[in-house]
Amino acid sequence: MLLEVRDLRVEFATRDGVAQAVNGVDYTVDAGETLAVLGESGSGKSVTAQAIMGILDVPPGRITGGEILFKGRDLLKLKEEQRRSVRGAEMAMIFQDALSSLNPVLTVGDQLGEMFVVHRGMSRKDARAKAVELMDRVRIPAAGQRVRDYPHQFSGGMRQRIMIAMALALEPDLIIADEPTTALDVTVQAQVMDLLAELQREYDMGLILITHDLGVVADVADRIAVMYAGRIVETAPVHDLYKAPAHPYTRGLLDSIPRLDHKGRELYAIKGLPPSLTAIPPGCPFHPRCPMAQDVCRTDVPPLYAVDRGPVSGPGRGSACHFWLDCLEDSACRGPASDTP
Amino acid sequence: MPDVRRTNPGPDPESGDRRPGEHPPGDRPPGEHPPGDRPRGDWPDGGPDAEDGAVAGTGFGGSMDLATNEGRTLEDDPGPDGGGPSGRPRSLWSDAWRDLRRNPVFLVSALLILFLALIAMWPSLLTSGDPLDCDLALAQEGSRPGHPFGFNGQGCDVYTRTVYGARTSVTVGVCATLGVALLGGVLGALAGFFGGLWDALLSRLTDVFFAIPVVLGGLVLLSVVTSNSVWPVIGFMVLLGWPQISRISRGSVITAKQHDYVQAARALGASGPRMLLRHIAPNAIAPVIVVATIALGTYIALEATLSYLGVGLKPPTVSWGIDISSASPYIRNAPHMLLWPAGALAVTVLAFIMLGDAVRDALDPKLR
């Protein structure tokens, strides 16, 4: 197993008290595998990624528990110095907004080359040649000339390619892409995702794709982990999850996607708001918004049950719902508020 | 040289003025681009190389090609200094320098400052007289051949004194600015980058210094100094001036620190000093340079102010401030005694402030 996150907990000290951003997240990523981490803003998906990368702002952030095993080592036990040599070389991150993630006063060639200077101790000249090679790899036309350009001289899609090239520079084993296509328009999104997927196959890397876009996930991911209020609420192979979700929250998300055959009808929305991280409801954190909620949901935190029975079940499926079987069997596990007949 | 990047009509992949015969695609490996053989007219369509690369290399067509071409038209304007595609890589500074050379405000102020520096170093280039060679019989006399600016209250030649006064003013201005920029810039950057206790301490300390009125502080501190050199004045300016720069430096480092690219550099394995020096400092230094350049003018004026008040430089040092001070009682009888040194002071301060302005525009990558 390439990466194993076990019971990770992260808190932030805020003015309104302690915000529990991540409350016991478990997930694994294998080499060559794409795990999509899905969730709303504030569900803890980015914070988990930052904790894995070791770029959490401490303080106010604080990792209060769990372990992050990367190729067998617990990253949380490494010294900052060792941690830094892992970052970039063995795991890399692609950020959401490529324009703001590239240094505006350095040419892209300098920034790409920096990877080789920092980690490999190359000369600037060799590093530049490597930068051109990388830009070719991510299919930037006329790389030899454009290597001297500044980030603002590139289009959005091109900039994201450069970010991808930077992340790929040292051929890491794991890439975390934090909403890599959110800032791009739809046609460019597809190109960038295809490129990322292709390079991942080529290098046999593990990829954690953080997104809130279910459409992006369907094409590239192998497995999905759905997060809510800092917990994984459901995990499943991507097609199983789309076919039959085993958690009412996932069901709600899927039903919220606009669809052509729903033309003219009101779009479904999950009722209520995500909970404040400073006051996560007791029991199942989704219960105030859940159409299936029973008394037990208000008191008992559901563990991640293995989904081993019922239709579309299988190994590797899990759901943090006390009534996952009902949800799995009854495709309308969202109660009376539903607008479908 | 025309500014191609701004006057270009924009990318147009279908532009009819392409001359495909001139550079048949494929006669040159992509990625290599010999300088000088590309006619200007080819730029709007991105040139045959870009076209070739975009279509053959990506096959994305449409929007991607457009984006590529846009990038190409924005690309470097090959200047004679070797900043072109085949030259050595451009940096922020070479770009800024190219912008500056075309800015008339910069040219005028730079010429003035150059001239000032020249006469500060070799005043004898412009005058053969001695600023301390005075004849009381000529006191307050007006202009006459050989003495274009007339004489001051002690019968000294105003022209010679004005020329010699430049040295003191420039020395004080430059040294005070360097001291302030180094001390304030470094302290502020460290405080901004590391934050915490060190930052809190420094911030309170700057508050204390901000609370000291400059002129009052000068009157108190410098009145006890008996030295006749410029150093106590420079020292006083650095002492009271560094908090201003430190605050600006701290602020811009904090702003730059929060940028995503610093986080990205961290995520890709950059160390603390590398982040500060390579990613934060170049993005944070521009405001420091600008404020320091403008402050240079004000330090020259401050020297004049302090000398006028009698606590700055003292005779027999020749300085504009001393001359303005000694001429002010006679402004009705002999205005020339005041106007020449005051005019020189005003022009010098203006030149440095204009320079600061031009540098600010050139260092802002977003204005490119």
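Two strands pair if DSSP finds at least two bridges between them. Helices (H or I, at least four residues) and strands (E, at least two) are DSSP runs, numbered from the N terminus. In chain A, an open sheet of eight strands follows the order 6-7-8-3-9-10-12-11, with mixed pairing. This is a predicted model, in which local features need pLDDT of at least 70 and side-chain atom pairs count only at pLDDT 80 or more, while totals for chains, interfaces and linings use all residues. Residues are numbered from 1 along each chain as its sequence is written.

**The sheet of chain A**
- Strand 6 (91–94) and strand 11 (305–306) of chain A are the edge strands, each pairing on one side only.
- Helix 7 (residues 156–168) of chain A packs on the sheet and touches strand 6 and strand 7 (174–178) of chain A, where contact means heavy atoms within 4.5 Å.
- Strand 10 (residues 231–237) and strand 12 (residues 318–319) of chain A run antiparallel and are joined by two bridges.
- A:E234 has A:S319 in strand 12 of chain A as its bridge partner.

**Chain A overall**
- Chain A holds 13 helices and twelve strands.
- Of its 341 residues, 57% count as buried, meaning under 20% relative accessible area (1.4 Å probe, protein chains only).
- Among contacts in chain A between residues at least 6 apart in sequence, 64% join residues at least 24 apart.

**Chain B overall**
- Chain B has 13 helices and zero strands.
- Buried residues make up 49% of the 368 residues of chain B.
- In chain B, 68% of the contacts with a separation of 6 or more are between residues 24 or more positions apart.

Key: Chains lettered and ligands numbered in written order. Heavy atoms only, no water. Axes fitted to C-alpha atoms, helices over the stretch in contact; angles between N-to-C directions. Buried < 20%, exposed > 50% of the residue type's maximum accessible area, 1.4 Å probe, protein only.
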